[in-house]
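Q: I have a structure open on my screen and I'd like to learn how to read it. Can you walk me through it?

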Amino acid sequence: YGLSLEGGTLYCKMEPCRVCAMLIISVGITRVVALRRYHAAQETREMFKAANVELIVIEDSVEIYTAQTVEKAG
């Protein structure tokens with residue numbers, strides 16, 4: 001049903017969220033290239049490592065957008 005993504009590379013503006021990471025892993029993508037970091041991507045990084053998905057972040061800065069909220073420990 002469409003083109004296979006097995007072994008493919010995904011290019012995105014920032015690291016994927018947890019839900020997107022699960023979908024990326026499930027379709028067989030093996031490399032993700034992100035321009036910037038996502039403030040809540042620690043679980044994504046762990047999932048990618050466990051699934052052998054290579055994650056490359058070009059700029060070591062956090063992507064900021066108006067709907068983004070930062071969780072505070074507390």
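Q: What helices and strands are there in the protein chain, and in what order do the elements run?
A: Start by listing the elements from one end to the other. This is a predicted model, and its protein chain has two helices and three strands. From the N terminus on, they run β-α-β-α-β.

Q: How much of the protein chain is buried?
A: For that, look at the share of residues that count as buried. Here the protein chain has 74 residues, and 23% of them are buried. You can also look at the outside: the chain exposes about 5400 Å², with carbon and sulfur atoms supplying 57% of that area.

Q: What share of contacts joins residues at least 24 apart in sequence?
A: Here you compare places in sequence with places in space. Taking contacts between residues at least 6 apart in sequence, 37% join residues at least 24 apart.

Q: Which residues make up the largest nonpolar core?
A: The general idea comes first: in soluble globular proteins, nonpolar side chains tend to be buried together. In this structure, the largest nonpolar core has seven residues: Ala 21, Ile 24, Ile 29, Val 32, Met 47, Phe 48 and Val 53. Helix 1 and helix 2 each supply at least two residues of this core. Take Ile 24 as a case: setting aside neighbours within four places in sequence, Ile 24 is in contact with Leu 10, Pro 16, Ile 29, Val 32 and Phe 48.

Q: Which residues of helix 2 are buried, and which are exposed on the other side?
A: With a helix, look down the axis and see where the buried residues point. Helix 2 covers residues 42-50, and Thr 44, Met 47 and Phe 48 are buried there. Seen that way, the buried residues of helix 2 fall within an arc of 100°, so they line one face of the helix. Lys 49 and Ala 50 are exposed on the other side.

Q: What do the buried residues of helix 2 pack against?
A: Now follow the contacts outward from that face. The buried residues of helix 2 pack against helix 1, strand 2 (31-36) and strand 3 (54-57).

Q: What is the phi of Asn 52, the residue that follows helix 2?
A: Backbone angles are worth a look where an element ends. Asn 52 is not a glycine, yet its phi is positive, about 60°. Asn 52 is found in the loop between helix 2 and strand 3. Its relative accessible area is 65%, so Asn 52 is exposed.

Q: Is Glu 15 buried or exposed?
A: Check the relative accessibility before guessing from the residue type. Glu 15 comes out at 2%, so Glu 15 counts as buried. Its place is in the loop between strand 1 (9-14) and helix 1 (18-26).

Q: What lies 2.9 Å from a polar atom of the side chain of Glu 15?
A: For a buried polar side chain, look for polar atoms around it. In this case you'll find the backbone nitrogen of Tyr 38 at 2.9 Å. Beyond four places in sequence, the residues in contact with Glu 15 include Tyr 38, Ala 41, Arg 45 and Leu 55.

Q: Where is Ala 41, and what does Ala 41 touch?
A: Use the elements on either side to place a loop residue. Ala 41 is in the loop between strand 2 and helix 2. Ala 41 is buried, with a relative accessible area of 0%. Not counting residues up to four places away in sequence, Ala 41 touches Glu 15 and Pro 16. Ala 41 and Ala 21 are 20 residues apart in sequence, and their C-alpha atoms are 9.3 Å apart.

Q: Where does Glu 54 lie, and is Glu 54 buried or partly exposed?
A: Same routine: place the residue, then check its accessibility. Glu 54 lies in strand 3. With a relative accessible area of 43%, Glu 54 is partly exposed. Leaving out neighbours within four places in sequence, Glu 54 is in contact with Thr 30, Arg 31 and Val 32.

Q: How many disulfides does a search of the whole structure find?
A: Look at the distances between cysteine sulfurs. The search finds zero disulfides. Cys 17 is in none, and the nearest cysteine sulfur, that of Cys 20, is 3.6 Å away. Cys 20 is in no disulfide either. Cys 17 is partly exposed at 27% relative accessibility, and Cys 20 is partly exposed at 36%.

Key: Residues numbered from 1 in each chain as written. Predicted model: local features only at pLDDT ≥ 70, side-chain atom pairs only at ≥ 80, totals over all residues. Heavy atoms only, no water. Helix = DSSP H or I, 4+ residues; strand = E, 2+ residues; numbered from the N terminus. Buried < 20%, exposed > 50% of the residue type's maximum accessible area, 1.4 Å probe, protein only. Polar contact = N/O pair within 3.5 Å; in protein donor to acceptor, adjacent residues only side chain to side chain. Contact = heavy atoms within 4.5 Å. Arc of directions from axis to C-beta. Disulfide = S-S within 2.5 Å. Core = buried A, V, L, I, M, F, W, Y, C linked by side-chain atoms within 4.5 Å. Areas by Shrake-Rupley, 256 points an atom, 1.4 Å probe, with all protein chains shown as cover.
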